[in-house]
Amino acid sequence: MITVEVDRLELRYGATTALRDISFRLDGPGICGVLGRNGSGKSSLFSVLAAFRRATGGEVRIDGEPVFENPRNTRRICLIREAGDTVESGDRVREALNLAAELRPDWDADYAAELADKFGISTRKRLRELSRGRRSALGVVLGLAGRAPLTIFDETYLGMDAPSRMTFYDELIAEQSARPRTFLLASHLIDEVAPLLERVVLLDDGRLAAFEEVDELLGRGVSVTGPAEVVAGIVEGLQVIGERALGQTRQAVVYGELDAGRRAAAAAANVELGPLSLQELIIHLTGAEERA
Ligand SMILES: Nc1ncnc2c1ncn2[C@@H]1O[C@H](COP(=O)(O)OP(=O)(O)OP(=O)(O)O)[C@@H](O)[C@H]1O
């Protein structure tokens with residue numbers, strides 16, 4: 001079990017600032033989603049966490065020690081990138097697995113073989129002959145069987161079909177309960193991964209838009225649907241983060257809680273109050289509608 005501290009992190013690529021003033025801390029095991037729109041900085045954050053890049057400001061520490069140029073930490077972190085990016089070493093699947101066995105102190109070869117079988121990956125196959133989905137699945141095998149205390153999957157699902165993705169999610173949950181560790185998961189399939197996540201790091205244009213437990217985040221959003229004028233009265237003075245009109249019916253998405261008075265007004269006027277999905281909430285929080 002490890003502690004991950006991201007402290008006022010900044011990453012610039014020349015004139016582009018990809019991450020600004022990002023701070024959060026993960027104590028102990030859990031599955032944390034790293035979510036955000038294209039270009040929001042997810043892969044940049046991972047590249048600093050995995051010590052592939054040096055931060056241009058602030059720091060990342062694992063168990064209190066910096067990650068960059070620190071061999072003690074490098075072996076404890078495993079970053080699995082999207083399809084094809086992780087498995088360039090070796091000619092065949094077997095060689096990629098053997099290399100992982102050398103690099104990863106906690107590698108479980110039997111589990112790797114079992115997973116490869118589940119994903120239909122032949123260990124005799126040449127890496128370049130694998131389909132895109134199977135290359136992604138091989139990334140999943142390397143990440144799960146490596147059992148690194150900090151394991152990061154960066155859009156590793158790309159190209160994987162629905163049954164393979166479900167196998168990935170099931171294995172992730174099973175691993176997490178049998179051998180708790182810290183997983184970071186970036187995905188654009190938010191509602192698909194939402195049930196796995198305990199916490200979310202939400203990035204918006206390189207900034208930290210939210211760092212929260214999923215249940216708390218979900219508790220913040222409520223949709224209010226009914227006759228336009230009544231809805232307007234109920235949400236007045238609240239933070240409305242999205243709106244939709246359908247004829248005389250209006251749906252307002254509120255970020256925040258409705259007090260008892262507003263709830264009673266809604267009940268009396270047949271106004272429907274509903275939860276938001278994590279995906280809806282995140283779409284609103286990252287301003288997709290306004291920008292679109
Ligand atoms: N090597 C690089 N050189 C210059 N700019 C870069 C580089 N890598 C990323 N960026 C820029 O940094 C910002 C963040 O990109 P990043 O790839 O971290 O986003 P992301 O959230 O992973 O996006 P996506 O969801 O599309 O994968 C973007 O503006 C991007 O153009």
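Visitor: What distance separates the centres of domain 1 and domain 2?

Guide: The centres, taken over C-alpha atoms, are 35 Å apart. This is a predicted model, in which local features need pLDDT of at least 70 and side-chain atom pairs count only at pLDDT 80 or more, while totals for chains, interfaces and linings use all residues. Residues are numbered from 1 along each chain as its sequence is written.

Visitor: Where do the two domains lie in the sequence?

Guide: Domain 1 covers 3-215 and domain 2 covers 220-291. The bounds come from an automatic or database domain assignment.

Visitor: How many residues does each domain give to the contact?

Guide: Eleven residues come from domain 1 and seven residues from domain 2. Two residues are in contact if their C-beta atoms, placed from the backbone, lie within 7 Å.

Visitor: Which elements give two or more residues to the side of domain 1 that touches domain 2?

Guide: They are strand S3 (30-36), helix H7 (190-193), strand S9 (199-204) and strand S10 (207-213). Helices (H or I, at least four residues) and strands (E, at least two) are DSSP runs, numbered from the N terminus. By class, that side of domain 1 has seven nonpolar, one polar and three charged residues. Here Ala, Val, Leu, Ile, Met, Phe, Trp, Tyr, Cys and Pro count as nonpolar, Asp, Glu, Lys and Arg as charged, and the others, Gly among them, as polar.

Visitor: Why is Asp21 called partly exposed?

Guide: A residue is buried if 20 or more other C-beta atoms, placed from the backbone, lie within 10 Å of its own, exposed if 12 or fewer, and partly exposed in between. Asp21 has 14 C-beta neighbours inside 10 Å, so Asp21 counts as partly exposed. Asp21 is found in strand S2 (residues 16-27), and its phi is near 50°, a positive value in a residue other than glycine. Most residues other than glycine have a negative phi.

Visitor: What makes Asp63 partly exposed?

Guide: Asp63 is partly exposed because 13 other C-beta atoms lie within 10 Å. Asp63 sits in the loop between strand S4 (57-62) and strand S5 (65-66). The phi of Asp63 is also positive, near 50°.

Visitor: Which residues touch the most other members of the largest nonpolar core?

Guide: Of its 79 residues, these are Cys32, Leu49, Ile77, Val141, Ile152 and Val224. Such a core is a set of buried Ala, Val, Leu, Ile, Met, Phe, Trp, Tyr and Cys residues joined through C-beta atoms within 7 Å. Helix H5 (residues 132-146) gives the most to this core, with seven residues. Each of domain 1 and domain 2 supplies at least three residues to the core. Leaving aside neighbours within four places in sequence, the contacts of Cys32 include Phe183, Leu197 and Val201.

Visitor: How do you know that S2 and S5 are edge strands?

Guide: Each of S2 and S5 pairs on one side only. Two strands pair if DSSP finds at least two bridges between them. The open sheet has four strands in the order S2-S1-S4-S5, with antiparallel pairing.

Visitor: How many bridges join strand S1 (residues 3-13) and S2?

Guide: S1 and S2 pair in the antiparallel sense over eight bridges. Phe24 in S2 is the bridge partner of Val6.
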